[in-house]
Amino acid sequence: PLELYLDCFENCNNDSDGDGVCDENEIFGCTDPSFLQFDPLATEDDGSCSNTPWSEPIITSCNSTFSLSSDLGIMLDDEPLSIGDWVGAFYMDENGEFKCGGSRIWTGESTTLAIWGDDVISEEKDGFYEGELIVWMVWDNETNQIFENIDVEYSLGSQYFTCNEFYIPSSFVAFSNVTQQLQILDGWYMFSTYLEIENSNI
């Protein structure tokens with residue numbers, strides 16, 4: 001055979017788990033279709049199956065608590081948060097990517113969400129820095145949509161992380177789209193916007 005990983009009878013030279021897939025051809029991922037991370041191409045389960053839409057936060061020695069009250073009335077556009085949706089707090093890692101620093105599934109009952117701070121002993125950034133902006137996201141389990149445009153107002157605490165803080169939001173609203181009204185007069189001139197638009201040719 002042309003493939004070096006097969007013997008003369010086209011059997012695997014290396015098949016450590018005996019599943020009939022040569023070690024060189026194994027695709028690692030979630031192999032359980034009941035989980036969100038299910039990968040139909042995966043041949044070897046790598047333990048990534050989880051019913052959370054984001055990676056699990058790293059548990060450190062510093063955390064704060066965010067209250068998720070059933071009286072808060074979290075809204076996704078014009079619809080209330082439904083059972084099975086997820087709320088997550090995100091920080092920016094060294095590569096400029098958002099990482100989950102705490103999340104909680106909504107069960108319809110009041111609960112709390114732990115927000116984890118950075119472990120100062122470890123070399124990599126694995127949580128929120130003191131004073132870092134808390135970025136919120138919500139995952140809608142019915143549409144598999146992640147809402148990234150979140151408006152949160154606080155009656156206790158602020159939008160910035162502080163170790164051992166207790167946060168009580170007074171409102172929490174998620175939007176699928178953000179709009180900004182601009183008054184454009186006749187003629188040519190420059191304007192600025194806080195939106196990142198997909199098509200800048202307007």
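Glu132 is buried, at a relative accessible area of 15%, where buried means under 20% relative accessible area, exposed over 50% and partly exposed in between, with a 1.4 Å probe and protein chains only. This residue forms a salt bridge with Lys125, and the closest N and O atoms of the pair are 2.9 Å apart. A salt bridge is here a side-chain nitrogen of Lys or Arg within 4 Å of a carboxyl oxygen of Asp or Glu. Lys125 is buried as well, with a relative accessible area of 8%.

The model is a predicted one, in which local features need pLDDT of at least 70 and side-chain atom pairs count only at pLDDT 80 or more, while totals for chains, interfaces and linings use all residues. Residues are numbered from 1 along each chain as its sequence is written, and side-chain values use heavy atoms, with hydrogens and water left out.

The structure holds 2 salt bridges. Besides the pair of Lys125 and Glu132, there is one between Lys99 and Asp93, whose closest N and O atoms lie 3.3 Å apart. In this second pair, Asp93 counts as buried because its relative accessibility is 8%, whereas Lys99 counts as partly exposed because its value is 34%.

The chain as a whole can be described next. It has 0 helices and 12 strands; helices (H or I, at least four residues) and strands (E, at least two) are DSSP runs, numbered from the N terminus. Read from the N terminus on, the elements therefore run β-β-β-β-β-β-β-β-β-β-β-β. Of the 202 residues of the chain, 30% count as buried.

Some of these strands take part in the largest pocket, which has a volume of about 350 Å³. On a 1 Å grid over the protein atoms alone, a pocket is an open set of points where a 1.4 Å probe fits, with protein on both sides within 12 Å along at least five of seven lines, and lining residues have an atom within 4 Å of a point. Grid points are joined across faces, edges and corners, and the volume is the space filled by probe spheres set on the points. The lining of the largest pocket consists of 13 residues, and Ile134, Val135, Trp136, Glu148 and Ile150 are those nearest its centre. Strand E9 (135-140) and strand E11 (149-156) each supply at least two residues of this lining. E11 gives the most, with 5 residues. By class, the lining has 9 nonpolar, 2 polar and 2 charged residues; Ala, Val, Leu, Ile, Met, Phe, Trp, Tyr, Cys and Pro count as nonpolar, Asp, Glu, Lys and Arg as charged, and the others, Gly among them, as polar.

Beyond E9 lies a loop that leads to strand E10 (145-147), and Asn144 is found in this loop. Phi of Asn144 is near 60°, a positive value in a residue other than glycine. Asn144 counts as exposed because its relative accessibility is 57%. A second asparagine, Asn164, is placed in the loop between E11 and E12 and has a positive phi of about 70° although it is not a glycine. Asn164 counts as exposed because its relative accessibility is 67%.

The loop between E11 and E12 also holds Gly157, which counts as partly exposed at 32% relative accessibility. Gly157 and Pro169 are 12 residues apart in sequence, with their C-alpha atoms 8.1 Å apart in space. Strand E12 spans residues 166-175 and includes Phe166, which counts as partly exposed because its relative accessibility is 35%. Together with Leu156 and Ile168, Phe166 makes a nonpolar surface patch of about 220 Å². Patches are made of residues with over 30% relative accessible area and no salt bridge; like charges are joined within 9 Å, and nonpolar side chains (Val, Leu, Ile, Met, Phe, Trp, Tyr) within 5 Å. Accessible areas come from the Shrake-Rupley method with a 1.4 Å probe, and for residues only the protein chains shown count as cover.

Two further pairs link separate parts of the sequence. Asp119, in the loop between strand E8 (111-116) and E9, is 57 residues from Cys62 in sequence and 7.4 Å from it in space, C-alpha to C-alpha. Asp17 belongs to the segment before strand E1 (28-29); Asp17 and Glu44 are 27 residues apart in sequence and 9.2 Å apart in space, C-alpha to C-alpha. Asp119 counts as partly exposed at 23% relative accessibility, and Asp17 counts as partly exposed at 34%.
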